[in-house]
Amino acid sequence: MSRTFYVNGDFVAEENAKISVLDRGFLFADAVYEVSTVLKGKLIDNKAHLKRLARSMSELSMAPPCSEAEIEAAQLELIKLNELDEGLLYLQVSRGVADRDFAYPAKSKSSLVMFTQVKNLLNSPMAEQGLHVISIPDMRWKRRDIKTVGLLAPSMGKQAALDAGVHDAWMVEDGLVTEGTSNNAYIVTKDRKIQTRHLGHEILSGITRHAVLKFAAEAGYTIVEEPFTIEAARQASEAFITSASTFVMPVVNIDGVELGDGKPGPVSKQLRLIYIKAALEHQDL
Ligand code: PDD
């Protein structure tokens, strides 16, 4: 079945899903996005994603393309049209079309595009094996809390990881891990505390991060929201990442150093199970 795309109010076939070359998303990466999980045909934690989208737009003084209710209705329709059972829904808002000029245009209509991707999320083989990551310098801009499509630095990082024969990269700034190329990064310390960088302009406030930290606290873990070094990560008993496309995914090797016995650890496995159970039961976490 060929995919149906959403472009500014219309549901169209891929060959008709087009925007202008003057779209500011294309010329300036003047666009923000969200990636939401779909499980059993239902959006997971989508209200939180839409709230973060609204914040991203507001930080950039970008007008919403339509109401949140209209966005959600279009998301649900797209999932239905594509008969998506398990996978991702990608949504992007750009400032729209205007002749090329750095300043924000006085008048432009924000554009909204969406598409779905089929993906095996629940039974990902990587959850059994665990990820290998390398550390790389964080070359991104200084407002990583805004979820913009300016993704060249993480894209280069991900490619560097693949070229090095591993799965992903953790970015490091001033000697401290910020986050993964498209996920939040965590370690489990030898005394079983869960440590992840505090929120701020340096990292994205992950929707999955929020839910997982809540579940971890409920399960009795102590959470430490402080940045850590790669050295601390290499000495941790476990590490993992979180995102809408990976849930909780164990990391078993950092810069060639195996964590523990090199297999996914019990804390990462437990948090993954808790997250998936909650997502299948509740939708809003
Ligand atoms: N990425 N940090 C970065 C830099 C990210 O790009 C993402 C998400 C996250 C995790 O956020 P969330 O839990 O809300 O998915 C953290 C998405 C999945 C992507 O770009 O494909």
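Colleague: Hi! Which domains does the domain assignment give for this chain?
Modeller: Hello! The assignment splits the chain into domain 1, covering 4-118, and domain 2, covering 125-281. Keep in mind that this is a predicted model.

Colleague: Thanks. What distance separates the centres of domain 1 and domain 2?
Modeller: Taken over C-alpha atoms, the centres of the two domains are 26 Å apart.

Colleague: And how many residues of each are in contact?
Modeller: On the domain 1 side there are 21 residues in contact, and they meet 19 residues of domain 2.

Colleague: What area do domain 1 and domain 2 bury between them?
Modeller: About 1700 Å², with 66% of it on carbon and sulfur atoms. In domain 1, the residues that lose the most area to domain 2 are Tyr-33, Leu-39 and Arg-52, which together make up 33% of what that side buries.

Colleague: Let's talk charges. How many salt bridges are there between the two domains?
Modeller: The count between domain 1 and domain 2 is two. Arg-143 and Glu-59 form a salt bridge, with their closest N and O atoms 2.8 Å apart. There are also seven residue pairs in polar contact between the domains, both residues being at pLDDT 80 or more.

Colleague: Which helices and strands of domain 1 supply at least two residues to the side that touches domain 2?
Modeller: Strand E3 (31-39), helix H2 (46-59) and strand E5 (87-94) each do. E3 gives the largest share, seven residues.

Colleague: What classes of residue make up that side of domain 1?
Modeller: You'll find 11 nonpolar, four polar and six charged residues there.

Colleague: New topic: the ligand. How many residues surround the ligand, and which are the closest?
Modeller: 19 residues surround the ligand, and the closest are Tyr-33, Glu-179, Ile-207, Thr-208 and Ala-244. Tyr-33 is a name you've met already, as one of the residues of domain 1 that lose the most area to domain 2.

Colleague: Nice! What distance is there between an oxygen atom of the ligand and the side chain of Tyr-33?
Modeller: An oxygen atom of the ligand lies 2.6 Å from an N or O atom in the Tyr-33 side chain. For Thr-208, the distance from a ligand oxygen atom to a side-chain N or O atom is 2.5 Å. Lys-147 has a side-chain N or O atom 3.3 Å from a nitrogen atom of the ligand.

Colleague: Back to salt bridges. What is the count for the model?
Modeller: It comes to 16 salt bridges. One pair is Arg-52 with Glu-34, whose closest N and O atoms are 2.7 Å apart.

Colleague: Which parts does that pair tie together?
Modeller: Arg-52 sits in helix H2 and Glu-34 in strand E3, so the pair links parts that are 18 residues apart in sequence.

Note on methods:
Residues are numbered from 1 along each chain as its sequence is written. This is a predicted model: local features need pLDDT of at least 70, side-chain atom pairs count only at pLDDT 80 or more; totals for chains, interfaces and linings use all residues. Side-chain values use heavy atoms; hydrogens and water are left out. Domain bounds come from an automatic or database domain assignment. Contact means heavy atoms within 4.5 Å. Buried area is the accessible area (1.4 Å probe) that two parts lose on being put together, summed over both. A salt bridge is a side-chain nitrogen of Lys or Arg within 4 Å of a carboxyl oxygen of Asp or Glu. A polar contact is a pair of N or O atoms within 3.5 Å; within protein, one must be able to donate a hydrogen and the other to accept it, and residues adjacent in sequence count only if both atoms are side-chain atoms. Helices (H or I, at least four residues) and strands (E, at least two) are DSSP runs, numbered from the N terminus. Ala, Val, Leu, Ile, Met, Phe, Trp, Tyr, Cys and Pro count as nonpolar, Asp, Glu, Lys and Arg as charged, and the others, Gly among them, as polar. A residue is near a molecule or strand if one of its heavy atoms lies within 4 Å of it.
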